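Colleague: I am new to this structure and would like to go through its sheets, its helix contacts and its aromatic rings with you. Could we take them one topic at a time?

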Amino acid sequence: MRIGIGIDTGGTCTDAVVYNFEEKRILASAKASTTREDLSVGIEEAISKLPESLRAQAEAVALSTTLATNACVENKGGRGKLFFFGANPEIVRQTGAQYGLTVDENLFFVESRTCPNGFIEKQPDWDEFRKQLKVQLVNTDAVGVVEFFARRTGAVLEKKAREIIKEEFDIPVVCGHELFDEYNIVKRGASTLLNARLLTTIDEFIAAVKAAMGRLGLDVPFVIVRSDGSLMSEEFARLYPVETLLCGPVASVMGAGELTREQNALIVDMGGTTTDIAFVQDGIPRRAETGVHIGGWDTFVKGLFVDTFGLGGDSLITVNESGRMVLSGERAIPLCMTADRYPEILPMLEESKSSVSLSFNQREEIYVALKPVDPDAQSADRYTDREVEVWQTLHNHPMNLGRLGIELNRNVSSASIQRLVREGIIMRCGVTPTDAMHILGDFEMYSKEAAYSGIYRLARMTGMDVESFAREIYRAVEKKLFINIGRILLEERYKEWRNTGISDQLMQIMGDLFEESERAGGFDGEEAGVSPQTGMRDFLRLQLGCSAALIGVGAPTHVFLPDVGKKLGARVIMPEYAGVANALGAIVGNVVTRTTLEVNFDPLNAVYLLFGKGIRESFAYLGDAKERAKELVSEKAREENIRRGGSEDVRISFEEEEIYADTTNGPTFLSYKITAVASGDYELG
């Protein structure tokens, strides 16, 4: 019997499965809380809950994680810097925001000039570049480098810049051409900067996996899910963490497909921080056409189409100044989980619960420091003395801002600690849907007393009782889920809306449709009756329906999706092992790579140029260029597949495209592209 272990580390839970490769079935599964302060603890707990006899037989471990995805949605990450060679700063300022770039202290422009045929007309001033590095790269975690027309030049400037940076600093440097071959330098720059910011996130994850496996005596290779559902090695993931974007939800797509074999479906994966929705059409998961788009980032990362929005079991619930409940996209540690780990907050919650004030007070916001601040970073002035004081006071000691201010003998506002929040050093603790589940009995793993105290305080501000407020939280989650499924269906029907976005008016209409369906009792209910807007008989009957099945995966999905499915008239499938579908999806993948080279004619020098993947060669004859292209692309694809963790037994197929223009002298050659698709199983121990 050949078996492997699949592990998924999400923002809230870490899941594990033992999988039989020969029988294609799950032999055991387990779940543990994700321990953000030390990920290895939660990973070890999940694996240790699997039968020891099966763990001992494992030949490989496959991983998926939502950590990179969550970092994008929450706009968190390490301190990355980006160097643009030959880019126009004004164009980057004008267009960068649509890709996630802001022209700030993290972006640097190096003057150079390259012609479209790849000839470098003006070299950078390398001496000045080296000199400026000593100022620009202080307190930097990682660096990205992108060059104008890098595909045509063979990326010579990117390679030279990396060489100089590595001579001066012991930090990771990744060149844009190693990740993407596309021409849009601004979008390439955004994707490369995001990669730099995510390096610390994936390093932390891999170190935690190794520590957990070491303590359990699991000495087997491990691979990580990529954005397209294929797998990559640890070494590859360390350099290119941007390739793990959406790998958690992508793994859920693979896992849901394995569990249901449904041909046409929307896969709805709700976790702690986000809800991810993907399409399966005619049994094939939909691919992203232009690259993964997540949060404010529009990237060139090739992957499956997954729409991600901030909604999960850990979404923060607040009450606004008008006394209305607000479901935010911000993630918080549920109070029930916080009190389970730190019982000392219970008196604090009880005190807040009995407060005479019925309005929002920032001083009652609770925070806790989980991740340690690197002592070396402190000595290098990475954090201010005040930030270090906040971390030291909150480290494993949650308290509200009022009490924190007393401890530090100064006023502390939420604005003053935002950098620590953004970098994941400290986290807010608050009321969430997970707390509401404890009140209503759908999930009771942690402290119900803490959940009750937190919800009681908010409920008093709205004039509701605790149970009614908890049900209102459920309703808000279902409404947001309904509206976003509707938005995704409309964007699928009207493709231009995916680029331009759906108007606020249409989003409001979908909110009204939710309420109308709620009053009518479902998709096929009775007439809606009186309009809530006018108080008069409403003759307009609108419905939003979904003909595909809704497959629910992820821990809290079973609580909310069935009611939403009813309102959409959709069949809802909650498969066995739905709660660990991501872990299953990780172990059932394989290693697949796509490598493309291109041949163009250079009329200035009357030669055929072969380029791509850091290669630039010229030939007098087209036939020679094409023959060399096939030889090189096959070689590169094989190397890439093995480098990503594939076995020596690599299968390669080719896709070729040749473009000619019709002219008065007959067809004229424009370009030739050849793509090698390499696939293979990952190495088992």
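Colleague: In the open sheet of 6 strands, what is the order of the strands?

Modeller: This is a predicted model, and in it the sheet of 6 strands is open, with mixed pairing. β3 (25-33) and β12 (231-233) stand at its edges, each with a single partner strand, so one side of each is left without a neighbour in the sheet. Neighbouring strands are turned by 25° against each other on average, direction ignored. Read across the sheet, the order is β3-β2-β1-β4-β11-β12.

Colleague: Which residue in β11 is the bridge partner of Ala-62?

Modeller: Strand β4 (residues 58-65) runs parallel to strand β11 (residues 222-225), and 3 bridges join the two. Within β11, the bridge partner of Ala-62 is Val-223.

Colleague: Moving to the hairpin of β2 and β3, which residue in the turn has a positive phi?

Modeller: Strand β2 (residues 13-20) pairs with β3 in the antiparallel sense, over 8 bridges, and Asn-20 stands opposite Arg-25 of β3. The hairpin that β2 and β3 form has 4 residues between the strands. In that turn, a positive phi of about 55° belongs to Lys-24.

Colleague: What is the order of the strands in the open sheet of 5 strands?

Modeller: The pairing in this open sheet is antiparallel, and the order is β29-β28-β27-β31-β30. Its edge strands, each pairing on one side only, are β29 (615-619) and β30 (651-663).

Colleague: By what angle are neighbouring strands of this sheet turned against each other on average?

Modeller: The strands in question belong to the open sheet with the order β29-β28-β27-β31-β30. With direction ignored, the average turn between neighbouring strands is 20°.

Colleague: Which helix packs on this sheet, and what angle does its direction make with that of β27?

Modeller: One pair in the sheet is strand β28 (residues 607-612) with β29, antiparallel over 5 bridges, where Phe-611 has Arg-616 of β29 as its bridge partner. The helix that packs on the sheet touches β27 (591-602), β28, β29, β30 and β31 (666-680). That helix is α25 (residues 622-643), and its direction makes an angle with that of β27 of about 155°.

Colleague: Are α1 and α9 roughly parallel or oblique to each other?

Modeller: The axes of helix α1 (residues 39-48) and helix α9 (residues 185-215) come within 8 Å and cross at roughly 45°. Because angles under 35 degrees count as roughly parallel and 65 to 115 as roughly perpendicular, α1 and α9 are oblique.

Colleague: How many nonpolar residues are in the contact of α1 with α9?

Modeller: The crossing of α1 and α9 is right-handed. On the side of α1 the contact involves Leu-39, Ser-40, Val-41, Ile-43 and Glu-44, while the residues they meet in α9 include Phe-205, Ala-208 and Arg-215. By class, the contact has 3 charged residues, 1 polar residue and, as the nonpolar count, 8.

Colleague: How is α15 oriented to α16, roughly perpendicular or roughly parallel?

Modeller: Helix α15 (residues 385-394) and helix α16 (residues 401-408) pack with their axes 11 Å apart, at an angle of about 115°. Because angles of 65 to 115 degrees belong to one class, α15 is to α16 roughly perpendicular.

Colleague: How many polar residues are in the contact of α20 with α23?

Modeller: Helix α20 (residues 466-493) and helix α23 (residues 557-568) have their axes 9 Å apart and pack at an angle of about 55°, and their crossing is right-handed. Among the residues in contact are Tyr-474, Phe-482 and Ile-485 in α20 and Phe-560, Asp-563 and Lys-567 in α23. The contact has 10 nonpolar and 3 charged residues, and of polar residues it has none, that is, no polar residues.

Colleague: Is the aromatic pair of Tyr-452 and Tyr-456 stacked or edge-to-face?

Modeller: A search of the whole structure finds 19 aromatic pairs, including the one formed by Tyr-452 and Tyr-456. Being 4 residues apart in helix α19 (residues 448-462), Tyr-452 and Tyr-456 are separated by about one helical turn. Their rings are 6.1 Å apart centre to centre, with 25° between the planes, and because planes under 30 degrees apart fall in one class, the pair is stacked.

Terms used:
Residues are numbered from 1 along each chain as its sequence is written. This is a predicted model: local features need pLDDT of at least 70, side-chain atom pairs count only at pLDDT 80 or more; totals for chains, interfaces and linings use all residues. Side-chain values use heavy atoms; hydrogens and water are left out. Two strands pair if DSSP finds at least two bridges between them. Axes are lines fitted to C-alpha atoms, for helices over the stretch in contact, and angles run from 0 to 180 degrees between N-to-C directions. Contact means heavy atoms within 4.5 Å. Angles under 35 degrees count as roughly parallel, over 145 as roughly antiparallel, 65 to 115 as roughly perpendicular and the rest as oblique. A crossing is left-handed if the near helix is turned anticlockwise from the far one by less than a right angle, and right-handed if clockwise. Ala, Val, Leu, Ile, Met, Phe, Trp, Tyr, Cys and Pro count as nonpolar, Asp, Glu, Lys and Arg as charged, and the others, Gly among them, as polar. Rings of Phe, Tyr and Trp (its six-membered ring) pair if their centres lie within 6.5 Å; planes under 30 degrees apart count as stacked, over 60 as edge-to-face and the rest as tilted.
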